[in-house]
Amino acid sequence: MDIKSEREIHLMKEAGHINYLAHKEVEKYIRPGVKTKELDKKIHDFIISHGATPSCLGYEGFPGSACICVNDEVVHGIPGNRKLKNGDIVKIDFTVRKNGYESDMTRTYFVGEVSTEVKQLVEDTEKALYEGLSVIKPGKRIGDISHAIEEYAHQHGLSVVEELVGHGIGTHMHEDPEVPNYGPAGKGPILKKGMTLAIEPMLNLGKKDVVLLDNDWTVVTEDKSPSCHFEHTIVVTEDGYEILTGE
Ligand code: MF3
Ligand code: CO
Ligand code: CO
């Protein structure tokens with residue numbers, strides 16, 4: 001498990017800031033009628049115009065610059081001709097690479113007017129991310145993050161997707177350790193200053209079970225219930241954490 005230097009953390013923050021700004025940019029175009037591939041193009045062009053690389057594109061053959069998931073799609077949605085409609089939620093997840101360093105960020109957006117129940121799912125998933133982050137400091141363990149997320153999710157009647165996990169990040173999009181969104185506190189690798197992690201709860205309104213679509217990429221909930229996803233890239237600091245995918 002890699003400890004990043006000040007210089008490396010600075011570079012990851014640069015990549016992360018572009019990631020954040022690209023989210024702000026694409027948010028402007030989210031409305032009923034827009035195609036997911038149009039959103040993908042906005043993200044792609046924004047990243048390129050900032051001298052960075054949309055590193056999802058071509059990663060293990062992934063065909064988009066962003067993973068764009070609607071409603072019951074959990075992760076790895078492929079941008080295409082699907083048009084967003086009123087009441088949908090859309091999850092946009094992408095990595096930005098700059099000067100050899102990666103960042104990874106996901107947000108869930110509302111399309112028009114969303115039901116109270118789904119709005120609650122989205123609010124609670126974002127809060128679950130911050131609950132997970134709140135325990136981070138040197139000496140704590142990965143399991144402490146996992147447990148905080150799971151406990152918050154269950155307290156709010158949501159289920160936790162188990163097949164997909166957060167991860168270390170740096171020169172590679174996915175590095176050790178894995179960061180599950182469930183499991184016992186007090187277990188797993190010990191957090192150290194300078195570790196960089198992508199924390200990303202995926203929570204469902206229905207059951208936790210997921211299935212893989214025939215396109216071999218997109219994961220959906222088995223019961224077709226809505227799923228929500230938020231993700232930040234962070235660094236463990238002296239006394240807590242700092243978000244790298246921010247302003
Ligand atoms: N951003 C995803 C994650 O959170 C990974 C995307 S896989 C890709 O780990 F193939 F789309 F790049
Ligand atoms: Co991601
Ligand atoms: Co990630």
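Asp124 lies in helix H3. The model is a predicted one. In this model Asp124 is buried, because its relative accessible area is 4%, and buried means under 20%. Leaving out residues up to four places away in sequence, Asp124 touches Tyr152, His156, Leu158 and Leu203. Asp124 and Ala153 are 29 residues apart in sequence. In space, their C-alpha atoms are 7.4 Å apart.

**Two helix pairs**

Two packed helices are described by the angle between their axes and the distance between the axes. The table gives both values for each pair.

| Helix pair | Angle between axes | Distance between axes |
|---|---|---|
| H3 (residues 116-134) and H4 (residues 142-155) | about 150 degrees | 8 Å |
| H1 (residues 6-27) and H2 (residues 36-49) | roughly 140 degrees | within 9 Å |

Start with H3 and H4. They pack at an angle of about 150 degrees. H3 is therefore roughly antiparallel to H4, because angles over 145 degrees count as roughly antiparallel. H3 passes H4 in a right-handed crossing.

Which residues of H3 and H4 meet? From H3 come Asp124, Lys127, Ala128, Glu131 and Gly132. From H4 come Ile145, Ala148, Ile149 and Tyr152. By class, the residues of this contact divide into 5 nonpolar, 1 polar and 3 charged. Asp124 appears here again, as one of the H3 residues that meet H4. Tyr152 of H4 is also among the residues that Asp124 touches.

Now take H1 and H2. Their axes cross at roughly 140 degrees. Is H1 oblique or roughly antiparallel to H2? H1 is oblique to H2, because roughly antiparallel needs an angle over 145 degrees. The crossing of H1 and H2 is right-handed.

On the H1 side, the meeting residues are Ile18, Leu21, Ala22, Glu25 and Val26. On the H2 side, they are Leu39, Lys42, Ile43, Phe46 and Ile47. This contact has 8 nonpolar residues, no polar ones and 2 charged ones.

**Strand E8**

Glu175 is found in strand E8, which covers residues 175-179. Is Glu175 buried or exposed? Glu175 is buried, because its relative accessible area is 15%, and the cut-off for buried is under 20%.

What does the side chain of Glu175 reach? One of its polar atoms lies 3.0 Å from the backbone nitrogen of Thr171. Setting aside neighbours within four places in sequence, Glu175 is in contact with Asp2, Lys4, His167, Gly168, Ile169 and Gly170.

Strand E8 also holds Pro177. A cis peptide bond joins Asp176 and Pro177. Omega for this bond is about 0 degrees.

**Positive phi in two loops**

His76 is not a glycine, yet its phi is positive, at about 60 degrees. Where is His76? His76 sits in the loop between strand E3 (73-75) and strand E4 (89-98). His76 is partly exposed, because its relative accessible area is 25%, and partly exposed runs between 20% and 50%.

Asn99 also has a positive phi, near 50 degrees, and is a residue other than glycine. Asn99 is found in the loop between E4 and strand E5 (101-110).

Methods. Residues are numbered from 1 along each chain as its sequence is written. Chains are lettered from A and ligands numbered from 1 in the order in which they are written. This is a predicted model: local features need pLDDT of at least 70, side-chain atom pairs count only at pLDDT 80 or more; totals for chains, interfaces and linings use all residues. Side-chain values use heavy atoms; hydrogens and water are left out. Helices (H or I, at least four residues) and strands (E, at least two) are DSSP runs, numbered from the N terminus. Buried means under 20% relative accessible area, exposed over 50%, partly exposed in between (1.4 Å probe, protein chains only). A polar contact is a pair of N or O atoms within 3.5 Å; within protein, one must be able to donate a hydrogen and the other to accept it, and residues adjacent in sequence count only if both atoms are side-chain atoms. Contact means heavy atoms within 4.5 Å. Axes are lines fitted to C-alpha atoms, for helices over the stretch in contact, and angles run from 0 to 180 degrees between N-to-C directions. Angles under 35 degrees count as roughly parallel, over 145 as roughly antiparallel, 65 to 115 as roughly perpendicular and the rest as oblique. A crossing is left-handed if the near helix is turned anticlockwise from the far one by less than a right angle, and right-handed if clockwise. Ala, Val, Leu, Ile, Met, Phe, Trp, Tyr, Cys and Pro count as nonpolar, Asp, Glu, Lys and Arg as charged, and the others, Gly among them, as polar.
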